[in-house]
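Thanks for coming. Please have the sequence and the model open while I talk, and follow along residue by residue.

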Amino acid sequence: MNTTTKPGPKPTAIPRQQNVRPRVAVSSCLLGEPVRYNGGHSRSRFLTDTLASHVDWVPVCPEMEIGLGAPRPTLRLVTDGGVERLTTKDGGDDHTAAMLAFAEQRVAELPDLDGWVLKSRSPSCGPRGVSRFRKGQPTDRRGTGMFAGRLMDVRPELPVEEEGRLNDALLRDHFVERIFAYARLRALFAGAWTPRDLVAFHSAHKLQFLAHDPARYRTAGRVVAEAGNRPAAELQDEYTELFAAAFAIRPSRGRHVNAMLHVFSPMTDDRPPRHRPAPRHRRGHRRLRARRRAARGPHGAAAAPRQGRGHRLSPGSDLLRAVPPRTVPLTAGPRPMSG
């Protein structure tokens with residue numbers, strides 16, 4: 001009597017995704033351009049020395065591009081009766097209308113971005129914690145820069161971060177992961193994609209999706225299942241919204257462990273011994289899961305596992321493959337130096 005156990009199905013291979021360079025808009029002063037109100041700059045070494053080799057920068061300086069020079073009078077966010085205005089320190093000049101008009105124009109000119117890095121606490125660019133004034137006195141630090149607030153209203157799905165928070169390893173990893181993931185999604189939908197392409201993309205990002213938001217992963221899976229039966233533009237918009245919202249959530253230790261279990265579970269069925277991982281690999285995987293569960297400190301929830309491995313997105317990480325640095329001009333025509 002033949003008692004040979006039939007091998008189980010082989011685990012599905014994770015489709016490989018193309019290597020896409022993110023296009024990231026950045027406050028030019030963070031790249032070292034002397035465009036701040038005092039004629040100086042606020043160069044960020046992480047942006048210029050590390051990340052610059054892996055992204056295409058799109059420099060922007062709202063204050064310079066609405067016609068203010070450098071150096072220039074200090075600007076403030078002034079709140080009065082629930083209305084915010086962007087004025088000079090002495091209140092003599094009001095730049096609110098010019099800044100809002102510029103924000104609308106610039107966001108429309110840059111539809112193919114994957115994220116923004118903005119100058120912290122700037123009354124035009126600060127995404128959070130900007131000082132607000134009333135009758136010449138500070139009232140709070142709950143404001144949002146006028147330019148930053150408008151762009152986040154128009155493109156809420158894009159990752160937006162300030163340079164100061166990128167000094168925190170966990171926040172930095174999360175931002176870099178998001179811009180690369182969004183760049184791959186943009187590259188997918190920029191071409192003549194098919195339902196098969198979307199299925200492959202969703203499968204390739206399964207582990208990252210699970211580490212960020214398992215519920216949205218399942219919802220997105222139902223959207224993918226409808227590919228071919230719904231208008232492509234409608235399906236693209238819905239999937240993009242789910243993808244961006246899921247990746248905006250920072251991974252937790254528990255979700256990392258859950259994603260790792262999805263990696264390991266296909267290796268533990270009744271397949272023949274030659275198709276199983278070696279005992280030492282199984283023991284190592286169990287130890288890794290235990291360490292992730294017990295992890296403490298800022299690096300406890302590292303970046304999501306990719307292709308069955310856990311990668312971190314810190315400076316020097318091998319996940320950031322070296323490619324020639326490049327800065328993308330804003331438009332084909334000449335523009336003043338921006339920052």
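**A hairpin, two cores and some rings**

I start with a hairpin, the one made by S6 and S7: two residues lie between its strands, and Lys135 takes a positive phi near 55° there. Before going on, a reminder that this is a predicted model. Strand S6 covers residues 130-134 and strand S7 covers residues 137-143; the two run antiparallel and are joined by four bridges. If you want one pair to look at, Arg134 stands opposite Gln137 in S7.

One residue of S6 also has a charge over its ring. The charged end of Arg76 sits over the ring of Phe133, 3.9 Å from the ring's centre. There is another such case, with Arg172 over the ring of Phe46, where the distance from charged end to ring centre is 5.5 Å.

Now follow the chain out of S7. Gly145 lies in the loop between S7 and helix H4, which is 146-154. Is Gly145 buried or exposed? Its relative accessibility is 1%, and the cut-off for buried is under 20%, so Gly145 counts as buried. What is Gly145 in contact with, leaving aside neighbours within four places in sequence? The answer is Leu77, Ser122, Pro123, Ser124, Cys125, Gly126 and Val130. Pro127 is worth finding as well: its C-alpha atom is 6.0 Å from that of Gly145, although the two are 18 residues apart along the chain.

Next, a charged residue inside. Glu161 lies in strand S8, residues 160-162. With a relative accessible area of 6%, Glu161 is buried. Which side chain does the side chain of Glu161 make a polar contact with? That partner is Arg165, at 2.5 Å. Setting aside neighbours within four places in sequence, Glu161 is in contact with Trp116, Val117, Leu118, Arg128, Leu166 and Phe175.

Asp213 makes a second example. You will find Asp213 in the loop between helix H7 (206-212) and helix H8 (214-225). Asp213 is buried too, at a relative accessible area of 7%. The Asp213 side chain reaches the backbone nitrogen of Ala215 at 3.2 Å. Not counting residues up to four places away in sequence, Asp213 touches Ala246, Ile249 and Arg255.

On to the other end of the chain's first part, and a strand pair that runs the other way round. Strand S1, residues 23-27, is joined to S2 by five bridges, and these two strands run parallel. Ala25 stands opposite Val58 in S2. In a regular strand the side chains alternate between the two faces of the sheet. In S2, Asp56, Val58 and Val60 point one way, Trp57 and Pro59 point the other way, and all are buried. That fits the count for S2, residues 56-60: five of its five residues are buried.

Now the nonpolar cores. How many residues does the largest one have? It has 47, and the residues with the most contacts inside it are Trp116, Phe147, Leu185, Leu198, Phe209, Tyr239 and Phe243. Helix H9 gives the largest share of this core, seven residues. Apart from that core lies another, of 19 residues, and Val35, Leu51, Trp57 and Val117 are among them. Back in the largest core, take Leu198: not counting residues up to four places away in sequence, Leu198 touches Leu188, Phe189, Trp193, Val224, Ala227, Leu235 and Tyr239.

Last, the rings. A pair of aromatic rings is described by the distance of the centres and the angle of the planes. The count comes to 11 aromatic pairs. One of them is Phe201 with Phe243, a tilted pair, 5.5 Å centre to centre and with 50° between the planes. Phe201 is in helix H6 (residues 195-204) and Phe243 is in helix H9 (residues 232-247), so the pair ties together parts that are 42 residues apart in sequence. Both Phe201 and Phe243 are buried. Ring pairs link these two into a cluster with Phe189, Trp193, Phe209, Tyr217, Tyr239 and Phe247.

To finish, the overall numbers. The protein chain has 11 helices and 11 strands. It has 339 residues, and 47% of them count as buried. Of the contacts in the chain with a separation of 6 or more, 70% are between residues 24 or more positions apart.

Terms used. Residues numbered from 1 in each chain as written. Predicted model: local features only at pLDDT ≥ 70, side-chain atom pairs only at ≥ 80, totals over all residues. Heavy atoms only, no water. Phe/Tyr/Trp six-rings, centres within 6.5 Å; stacked < 30°, edge-to-face > 60°. Buried < 20%, exposed > 50% of the residue type's maximum accessible area, 1.4 Å probe, protein only. Lys NZ or Arg CZ within 6 Å of the ring centre and 35° of its normal. Pairing = 2+ DSSP bridges. Contact = heavy atoms within 4.5 Å. Polar contact = N/O pair within 3.5 Å; in protein donor to acceptor, adjacent residues only side chain to side chain. Core = buried A, V, L, I, M, F, W, Y, C linked by side-chain atoms within 4.5 Å.
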